[in-house]
Amino acid sequence: LFYQGLAGLATTDPNWLLTSHPDVYLFGARLAAEPYLHNDERIPVWKARLDEALREVNISGSRKQTGATPTMKASRRF
């Protein structure tokens, strides 16, 4: 497997993550900023949003590797 790294943000050229999944940067920045803004109760909100955005990045990467869309199977328990 090949994993592409990220170029630094000091360049004016956007990287693949910023182009395809800008929400990762948005939610990551919000999560990092909340303690400095003394808004600790919002940390779980931004953490959950960042986790979901990163999950979408991983799913997108899986689709590119296999060409298939990952599915979730629901199971019933009585």
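A salt bridge here is a side-chain nitrogen of Lys or Arg within 4 Å of a carboxyl oxygen of Asp or Glu. Arg55 and Glu52 fit that bill, with their side chains meeting N to O at 3.0 Å.

A quick word on where this comes from. This is a predicted model, where local features need pLDDT of at least 70 and side-chain atom pairs count only at pLDDT 80 or more, while totals for chains, interfaces and linings use all residues. Residues are numbered from 1 along each chain as its sequence is written, and side-chain values use heavy atoms, with hydrogens and water left out.

The structure holds three salt bridges:

| Pair | N to O distance |
|---|---|
| Arg30 and Glu34 | 3.5 Å |
| Asp51 and Lys47 | 2.8 Å |
| Arg55 and Glu52 | 3.0 Å |

Side chains of opposite charge can pair when their charged atoms come close.

Now for helix 3, which spans residues 43-66 (helices are DSSP runs of H or I with at least four residues, strands are E runs of at least two, both numbered from the N terminus). Asp51 and Lys47 both sit in this helix, four residues apart, or about one turn. Arg55 and Glu52 lie in helix 3 too, three residues apart, again about one turn.

How buried or exposed are the partners? Buried means under 20% relative accessible area, exposed over 50%, and partly exposed in between (1.4 Å probe, protein chains only). Glu34 is buried at 1%, whereas its partner Arg30 is partly exposed at 36%. In helix 3, Asp51 is partly exposed at 28% and Lys47 is partly exposed at 40%. Arg55 comes out partly exposed at 45%, and Glu52 is partly exposed at 36%.
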